[in-house]
Amino acid sequence: MKCTEFEQLSLLYIYDELASGERADFEAHLGVCATCRAGLEKVQRLHRALQECPEPAPDLLARCRLMLDDALDREQLGWRAMLRAWFGSPGPLRASRAAALAALVVTGFVLGWTLRPRASSLQPVTSAAPASSFDLGNDRIRNISQVAQDPHSGGVRITLDAERRITMEGSLDDPRIREVLVNAVKSYDNPGIRRDTLDVLRAKPEDPSIREALMFALHDGNPGVRLAALNTVNHMECWHDTHEALLKVVEKDPNVGVRTTAIDALVEHLEEEGADEAVMTALEKLASADPNPYVRMRCLAALRKLQGSR
Amino acid sequence: MDGACLELAGKAVTTEQAEGEFERSLIRRAQRGDRAAFDALVRRYDREVLRMALRIVQSPEEAQDLYQEAFLKVYRSIGRFRLEAKFSTWLYRVVMNVCLDHLRRQKARNEASMPEGDDGGSDGVHSIPEDRPVLNPERALQAREIGSRLQAALGRLSPRERLVFEMKHYQGMKLREIGEMCGTSEEAAKNSLFRALQKLRTDLHDLV
């Protein structure tokens, strides 16, 4: 292999596109050519840098999800509408179609039926509504726990769990909306949803329940959620406990990115409101003794900025 | 957590196996019409799908349309998906095909007749806020500058170069496969990739 062929071959090498013989020649050349070795390292650094990419904006992702949700509802509705139209036909035709559908359902679940432990007798129907008046409507089937056939009537009974998707619309002035959002921040298991919820709650930080949720989120298990909470707290009017909350984050958060954002937030607050000796003392201590060098550097820079503005 | 062993029904399984089994159960349920299962599948991958679309078309509005088109295609054809295959690979192929069709339609409408490296689709760069928190802000500290520079650099590639780069760099497809998908030769795909990487190296030289 010649050095002049290096550029193209190095890209193919990085992307695993070289045939095994070519790869062996390339690696043998690397063993003896320091220039090409250095060149390959540059290509590898570029390759690694190209792995980075910005995240889609949460509002864009949220919009995409809402639109897809609507589109999928329309897909499903189309099918349901067809089914209802099918059953909408009169008299004997409807009865024969109902029988055909019942037979299909039984056929489709006959394996599950044979594998399940058989009940000694059919339980009487306990639901208030007669079985023939079920309407799935907006409900979605989650789980089918039993299929049984009445040997006398030939009817089919299906026991299933259904979940209903609810869409709530309103403003943060609506206490029900606020309640759902505050619960989402505190207990929903998806950190992306918790973060997105904080972005919504930021519009009404003066509400006590929202403020409490924001403070709670400063200790969330996910650093992205903590950062979102911090950014909201940072832009709010200062409460008596804001400095204390921010300082706690600077001192104790396990994530360096969150800690440095809290340092910036403290600096912004203090530049507007004037000195807070407790904060200055804490920053001095961190500037000299924090185990993380980047945090020490940022605390030092913060102190210089605050002292310069006095 | 990777490689952690769990006891599952008396059998020792790794976390990856448990994850794989959970995903297969979601797919099976989705194939039977369980919407909640399909929604859960979407949520596992949709952020990456949107990232892919944004990298290729650079416009949030177009990316939104491609996102929806791709997932609707998946929804309509999930019944044909074979469980032995890897779902993410199949999904990303669908996304690539949707993006490819989109670029072909654009070209046919003469909207993509732009000089090399300038597609006028730079909206995506500006409307992706650079300071949005990601779920790992520590890494975001270092990645922020690189990410926004990369997005700007990708904006200077032609649509074909972006697509080939996406397929090769992010999706790991072989050049021969990329050529087949794009309706060209492996050699043409390779040349598009080289041009893309040369431009990216020029734009990002100070970061490496």
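Start by selecting helix 3 of chain B and colouring its buried residues: B:P60, B:A63, B:Q64, B:L66, B:Y67, B:E69, B:A70, B:F71 and B:V74. As you look around, keep in mind that this is a predicted model.

**Stop 1: the length of helix 3**

Stay with helix 3 of chain B, which covers residues 60-77. How far apart are its end C-alpha atoms? Try the distance tool on the two ends: they are 26 Å apart. That agrees with expectation, because 18 residues at 1.5 Å a residue should span 26 Å.

**Stop 2: helix 2 against helix 3**

Now add helix 2 of chain B, residues 35-57, to your selection. Two packed helices are described by the angle between their axes and the distance between the axes. Here helix 2 and helix 3 of chain B pack at about 140°, and their axes are 9 Å apart. Angles over 145 degrees would count as roughly antiparallel, so helix 2 and helix 3 of chain B are oblique to each other. Their crossing is right-handed.

Next, show the side chains where the two helices meet. On helix 2 of chain B, pick B:F38, B:V42, B:V49, B:L50, B:A53, B:L54 and B:V57. Their partners on helix 3 of chain B are B:P60, B:E62, B:A63, B:L66, B:Y67, B:A70, B:F71 and B:Y75. Colour this contact of helix 2 with helix 3 of chain B by residue type and you will find 14 nonpolar residues, no polar ones and one charged. Several names may look familiar: B:P60, B:A63, B:L66, B:Y67, B:A70 and B:F71 are also among the buried residues of helix 3 of chain B.

**Stop 3: helix 1 against helix 2**

Keep helix 2 of chain B on screen and bring in helix 1 of chain B, residues 15-31. The axes of helix 1 and helix 2 of chain B are 7 Å apart, and the packing angle is about 135°. That makes helix 1 of chain B oblique to helix 2 of chain B. Which way do helix 1 and helix 2 of chain B cross, left-handed or right-handed? Turn the view to look through one helix at the other: the crossing is left-handed.

To see what makes this contact, select B:L26, B:I27, B:R29 and B:A30 on helix 1 of chain B, then B:A37, B:F38, B:A40 and B:L41 on helix 2 of chain B. The residues of this contact between helix 1 and helix 2 of chain B divide into seven nonpolar, no polar and one charged. B:F38 is worth a second look, since it takes part here and also in the contact with helix 3 of chain B.

**Stop 4: a glycine in the loop**

Between helix 1 and helix 2 of chain B, find B:G33 in the loop. B:G33 counts as partly exposed because it has 14 C-beta neighbours inside 10 Å. Then select B:Y75 as well: 42 residues separate B:G33 and B:Y75 along the chain, while their C-alpha atoms are separated by 9.5 Å.

**Stop 5: the last pair of helices in chain B**

Jump ahead to helix 8 (residues 175-182) and helix 9 (residues 186-204) of chain B. Their axes come within 7 Å and cross at roughly 105°. That makes helix 8 of chain B roughly perpendicular to helix 9 of chain B. Select B:L175, B:R176, B:I178, B:G179 and B:C182 on helix 8 of chain B, and B:E186, B:A188, B:A189 and B:K190 on helix 9 of chain B, to show where they meet. This contact of helix 8 with helix 9 of chain B has five nonpolar residues, one polar and three charged.

**Stop 6: chain B as a whole**

Zoom out to the whole of chain B, with its nine helices and two strands. Along the sequence, the pattern is β-β-α-α-α-α-α-α-α-α-α. Of its 208 residues, 35% count as buried.

**Stop 7: over to chain A**

Chain A has 13 helices and two strands, and 19% of its 310 residues are buried. Go to the loop between helix 1 (6-14) and helix 2 (20-32) of chain A and select A:D16. Is A:D16 buried or exposed? A:D16 is exposed, because 9 other C-beta atoms lie within 10 Å. Its phi is near 55°, a positive value in a residue other than glycine.

Finish in that loop with A:L18. A:L18 is partly exposed, with 18 other C-beta atoms within 10 Å. Leaving aside neighbours within four places in sequence, A:L18 is in contact with A:L9, A:L12, A:Y13, A:R23 and A:F26.

Definitions and conventions: Residues numbered from 1 in each chain as written. Chains lettered and ligands numbered in written order. Predicted model: local features only at pLDDT ≥ 70, side-chain atom pairs only at ≥ 80, totals over all residues. Helix = DSSP H or I, 4+ residues; strand = E, 2+ residues; numbered from the N terminus. Buried ≥ 20, exposed ≤ 12 C-beta atoms within 10 Å, placed from the backbone. Expected span 1.5 Å × (residues − 1). Axes fitted to C-alpha atoms, helices over the stretch in contact; angles between N-to-C directions. Parallel < 35°, antiparallel > 145°, perpendicular 65-115°, else oblique. Left-handed = near helix turned anticlockwise from the far one by under 90°. Contact = placed C-beta atoms within 7 Å. Nonpolar A, V, L, I, M, F, W, Y, C, P; charged D, E, K, R; others polar.
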